[in-house]
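Let's take a walk through this one together, starting with the whole chain and then zooming in on a few helices. Have a look at the fold before reading on.

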Amino acid sequence: MSPGSVASAKNMSENTEEQNKVKDNLVFNDKINTFSEQREIKSVENKDIDTVIKVKSAIPRRRQDLLKWYGWGYQDSTFKISDGVAIFTGNRYLLGGKKLPHALQWIKEYFNVDITKVMVPPPQPTSFQESKLPLNIKEELEKIAPLSTDGMDRLIRAHGQTLKDVYCLRKNNFQKIPDAVIWPETHQQVEDIVKCASKHQFVIIPFGGGTSVSGSVTCPANEERPILLLDTTAMNAILWLDKEQLLARVQAGILGQDLERELRSRGFTVGHEPDSFEFSTLGGWVATRASGMKKNTYGNIEDLVVQTKIVTPKGVIERNCRVPRISCGPDWEHVVLGSEGCLGVVTEVTLKIRPLPPCVRYGSLVFPDWEAGFHFEREVARQRAQPSSIRLMDNEQFRMGHALKVEQSWGGVVLDGLKKFYITRIKGFDPLKMCVVTLLMEGSSEHVARSEKRLNAIAAEYGGVPGGARNGEIGYTLTFVIAYIRDLALDYDIVAESFETSVSWERTLALCRNTKERVRRECRDRNIKEHIISCRLTQTYDAGCCIYFYFAFKTDLSADSVRVYEDIEEAARDEIIANGGSISHHHGVGKLRKKWYTQTVSEPGRRLLLATKQALDPDNIFALGNMAYDQYKADGLGLRSKL
């Protein structure tokens with residue numbers, strides 16, 4: 001920032017409160033331009049190493065200009081009912097602009113809602129909680145990076161994407177929202193911000209894409225100190241790209257879609273595609289130990305990370321060498337992975353990359369029932385024959401997928417009819433039991449052909465038949481629009497959410513069966529008649545798999561109904577753990593699952609977690625309260641907390 005700008009900011013701070021509001025906007029806009037010009041990063045001269053790639057983000061800093069402020073995703077992409085027909089708007093997805101002729105029948109069958117109601121998006125709030133950031137701290141932070149105390153900027157970063165988050169967002173009734181938002185662009189700026197927080201004793205909450213479904217970024221309601229939301233998304237440069245070593249050094253605030261777009265344009269991929277891929281950030285993946293749909297080929301985030309840099313109140317953690325593996329005591333890289341923003345801010349990550357696969361092919365397989373599909377998946381994993389993605393949907397999800405099928409030409413309808421006739425009449429599959437596996441195969445043409453042949457052969461052993469490449473592609477890409485369904489559901493008084501677990505192979509069938517029955521029993525006890533509970537098997541390992549549950553029920557949309565949902569999900573989680581499942585596979589713990597944290601890691605494990613906090617953040621600057629981090633005083637560790 002130029003001396004003139006600093007002097008101007010200082011003079012304006014002495015004006016009236018009304019003038020201060022004008023000043024906020026002027027300085028904020030000036031900062032955006034000034035700090036962009038200041039970024040200067042040197043790179044090694046090497047023909048195999050690209051210089052700094054400055055990325056233009058797909059999502060603007062004013063997120064509300066492009067994204068829904070009250071729900072998931074883009075403003076122009078939404079499910080809606082018009083003239084008695086369901087459609088999906090926009091042109092960003094395969095469903096975009098298409099009519100969904102089967103959707104309303106499915107909605108009526110499960111939920112019996114009044115589809116004649118005309119839905120209008122809720123208006124943006126006009127009043128917000130007052131910012132409590134002291135003026136002297138505000139001025140100090142403005143000298144470091146762009147900062148805003150605008151109410152809308154703070155509100156849309158006060159939450160993740162849980163059902164409760166979205167409910168509170170639509171009602172504008174969060175107990176607490178951040179007092180300011182800051183956008184650093186470099187590692188050094190993050191260091192300066194953290195030092196400022198330590199000096200003035202205010203709270204920092206790191207924030208990336210805002211896609212958390214664990215309550216991890218929610219402001220602690222009882223925190224009395226000012227809360228600064230550190231938005232990492234301006235740190236989105238690819239610092240270097242080594243094409244020979246297949247490595248990339250990337251700032252942690254880059255969005256998944258931006259990272260993949262830039263790498264693909266240069267012939268490479270990271271291959272990490274979580275469901276939130278479009279909006280989540282690299283730093284968020286690290287902080288939650290994320291998993292993607294193509295992990296069989298590329299690995300989970302812990303398999304992709306070579307080196308991280310994280311700013312803590314006690315200094316910067318970074319391994320002094322970039323090597324594939326090191327035997328040097330406990331791996332502190334894994335203390336950062338899964339830390340959920342409670343220890344510091346991840347600023348840079350060195351990642352493995354791969355050349356783009358020359359051949360990409362989708363596929364699908366139809367099985368007579370869930371058990372047959374499960375045993376197929378188990379055998380594929382036993383033989384380590386998994387393609388990039390292989391996912392099994394139960395019958396409820398199969399029927400939901402059918403409900404989202406688009407209008408087709410006459411020929412497409414006939415072809416679908418022939419497939420249906422073959423599967424249901426000749427093969428004898430029951431439409432109320434049959435399940436589908438979707439496949440994504442990548443590699444050389446020869447490798448993909450061999451993989452497809454092998455998978456078809458294994459499927460035949462369990463009664464499975466090919467369902468076509470198109471159905472596989474639709475099934476895979478539907479993953480990116482499923483989250484949009486919840487917004488439509490909320491419009492029609494249906495609460496819906498998903499939750500996941502990992503489980504060993506021998507316990508999977510019992511866990512799925514018992515968890516579904518537990519949810520149905522909880523609904524019966526509450527006289528909830530219109531509901532659905534379904535599951536899919538999404539990732540496979542040598543020792544087990546990941547199971548994703550989807551649960552929805554019709555209700556009056558109120559705070560009580562959100563609480564009822566949370567009570568039923570808690571009961572389902574108890575059932576999952578009783579059946580040998582994990583607290584989470586890739587969503588993390590946050591605040592929603594902390595009830596089960598200690599029994600998951602043991603009492604010594606909990607104390608080790610708190611001891612790590614004591615070593616890196618004794619003043620509780622990163623006071624998110626996730627996992628067991630709200631239990632400081634009870635442990636006598638001398639950690640200060642306002643929770």
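Count up the secondary structure and you get 23 helices and 22 strands in the protein chain. Keep in mind that this is a predicted model. The chain runs to 643 residues, and 57% of them count as buried. As for who touches whom, take the contacts with a separation of 6 or more: 75% of those come from residues 24 or more positions apart.

Now zoom in on helix 4, which spans residues 135-142. Which of its residues are buried? They are I137, K138, L141 and E142. Those four cover an arc of only 135° around the axis, so they sit on the same side of helix 4. The spacing helps to make sense of that: an α-helix has 3.6 residues a turn, so residues three or four places apart point the same way.

Next, a helix pair. Helix 6 (residues 163-171) packs with helix 18 (residues 482-491), the axes lying 12 Å apart and meeting at an angle of about 55°. Why call the two oblique? An angle of about 55° is neither under 35 degrees nor in the 65 to 115 range that counts as roughly perpendicular, so helix 6 and helix 18 are oblique to each other. Their crossing is right-handed.

What holds the contact on each side? Helix 6 brings L163, V166 and R170, while helix 18 supplies R486, D487, L490 and D491. Sorted by class, this contact between helix 6 and helix 18 comes out as three nonpolar and four charged residues, with no polar ones.

Terms used:
Residues are numbered from 1 along each chain as its sequence is written. This is a predicted model: local features need pLDDT of at least 70, side-chain atom pairs count only at pLDDT 80 or more; totals for chains, interfaces and linings use all residues. Side-chain values use heavy atoms; hydrogens and water are left out. Axes are lines fitted to C-alpha atoms, for helices over the stretch in contact, and angles run from 0 to 180 degrees between N-to-C directions. Helices (H or I, at least four residues) and strands (E, at least two) are DSSP runs, numbered from the N terminus. Angles under 35 degrees count as roughly parallel, over 145 as roughly antiparallel, 65 to 115 as roughly perpendicular and the rest as oblique. A crossing is left-handed if the near helix is turned anticlockwise from the far one by less than a right angle, and right-handed if clockwise. Contact means heavy atoms within 4.5 Å. Ala, Val, Leu, Ile, Met, Phe, Trp, Tyr, Cys and Pro count as nonpolar, Asp, Glu, Lys and Arg as charged, and the others, Gly among them, as polar. Buried means under 20% relative accessible area, exposed over 50%, partly exposed in between (1.4 Å probe, protein chains only). The arc is that of the directions from the helix axis to the C-beta atoms.
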